[in-house]
Amino acid sequence: MRGFPDGFLWGVSTSAFQIEGATREGGRGVSVWDTFCATPGKIHTGENADVACDHYHRYAEDIALMSELGVGGYRFSVAWPRVQPSGSGPVNAEGLGFYDSLVDALCEAGIRPVVTLYHWDTPQDLEDAGGWLSRDTAYRFAEYAAIVGERLADRVEHWIPLNEPVVETLYGYALGEYAPGKALLFDAMPAAHFQNLAHGLAVSALRSVNAKSIGSANNHSPIWPATQSAADLEAAEHLGAVANWMYTDPMLLGRYPEQVIQYLPDDFADDLTAIAAPLDFYGVNYYEPQGCAAPGEGNPLPFELRAIEGYPLTTNGSPVVPDGLREFLGQLRTRYEDKLPPIYITESGCSFDGVHDKERIQYLQDHLAALGQALDEGSDVRGYFVWSLLDNFEWSKGYQPRFGLVHVDYCTLARTPKDSFYWYRDLLGGAR
Ligand code: BGC
């Protein structure tokens, strides 16, 4: 495999709701995902994340695993309802204390903490007050960012305000497949704008408490039109604006792509300067391309989604397309030129079963080869984080898809490193 630059940050990623468990401990408030899991029919398997991987109690063991793996960085998320149980007002000292101890333990192990402030677990009280459809949530988020920043910025260098606002907007508010379970179609789009605003305000709040390096973790897919017909190309442009550029353009250029302006709140323009607060890095979560075609007769939407065919599938049904990562990084270079900060791949990974997971090894090998090509083509990528350290709660699919380098037995909570864990360890050993 191609060599990666000196100082390249190799890591693993997780998120609070997917691994922590202990949902009713330590003064944690209720999140929209607790509510969603408790609503019959929402999680395909009927499961919830009350225990998950029990990381809340076993974080020392998980850090020991990361030490064995030899990663330089660990990207995790802070649960807003642990820190501010109702999303505003008083801080829950025990909750903030948990992350303080986690950060200390990581630093002691020589692993750089990369903190995401929000990975979809909105405090339920804030959702009840309008959630991401309300501008107010963005202001509450900035206050929360300052609280966490003030406590941890002396030890945490890398900060990410929100994970994948596109997924929260589309799955949570437009389609209703994720919490908070609203199916508003295009009326969901203000949720994207207010998350963008929350991002920008949090960047400024973090700067004011001397956070060193601030970025993003946006989910991106190259959009593949079904044919080169003008209608399919136009549909793909529209979907690309909704799925990719609606987040990147305002953050990096201070404007929205023209296709999405119709979906935004009337006063959106007033927020653009705040959203475009300068970033130190841009985080890309990459899983797969998205196929697209012009809408068929009677379809009121501007595009139709199409499956990508002809590629192997993960157990989660995602096509494995390593070159899509190289392709998307190229699109970022072309679209943003000198406005593009250094990039981190903040998530990349796959669900496959079994401890002898040769498919995952192949997946990682091929994605790193594609990343190496992107570097050769001129992308400035500074790190790569595998999703995920542990098998975990995969949202509405429950515990069935297994994304970990480490297998978790959900009865005993025993952790067993998979073959891919040892493969990654050897790769990192060579990179050191
Ligand atoms: C999310 C993770 C999720 C992963 C695999 C990403 O979009 O950030 O929370 O587990 O995809 O589906």
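**Close-up 1. S77, a buried serine in a predicted model.** S77 has a relative accessible area of 1%, so this residue counts as buried, well under the 20% cut-off. The model shown here and in the other views is a predicted one. Along the chain, S77 belongs to strand β2, which runs over residues 73-77.

**Close-up 2. The side chain of S77 and its partner A16.** Here we follow the serine side chain, which reaches the backbone nitrogen of A16 at 2.8 Å. A16 is also among the residues that S77 touches, leaving aside those up to four places away in sequence. The other residues on that list are T14, S15, E20, Y99, T116 and H119.

**Close-up 3. The ligand and the residues around it.** H119, which S77 touches, turns up again in this view as one of the residues surrounding the ligand. The rest of the shell consists of Q18, W120, N163, E164, N219, Y287, E347, W387, E394, W395 and F403. Sorted by class, the shell holds five nonpolar, four polar and three charged residues.

**Close-up 4. Polar contacts of the ligand with N163, E164 and E394****.** Take a look at the ligand's oxygen atoms. One lies 2.6 Å from an N or O atom in the side chain of E164. For the side chain of E394, the distance from a ligand oxygen to an N or O atom is 2.6 Å. In the case of N163, a side-chain N or O atom sits 3.1 Å from an oxygen of the ligand. On its own, the ligand has 310 Å² of accessible area, and the protein covers 91% of it.

Note on methods
Residues are numbered from 1 along each chain as its sequence is written. This is a predicted model: local features need pLDDT of at least 70, side-chain atom pairs count only at pLDDT 80 or more; totals for chains, interfaces and linings use all residues. Side-chain values use heavy atoms; hydrogens and water are left out. Helices (H or I, at least four residues) and strands (E, at least two) are DSSP runs, numbered from the N terminus. Buried means under 20% relative accessible area, exposed over 50%, partly exposed in between (1.4 Å probe, protein chains only). A polar contact is a pair of N or O atoms within 3.5 Å; within protein, one must be able to donate a hydrogen and the other to accept it, and residues adjacent in sequence count only if both atoms are side-chain atoms. Contact means heavy atoms within 4.5 Å. A residue is near a molecule or strand if one of its heavy atoms lies within 4 Å of it. Accessible areas come from the Shrake-Rupley method with a 1.4 Å probe; for residues, only the protein chains shown count as cover. Ala, Val, Leu, Ile, Met, Phe, Trp, Tyr, Cys and Pro count as nonpolar, Asp, Glu, Lys and Arg as charged, and the others, Gly among them, as polar.
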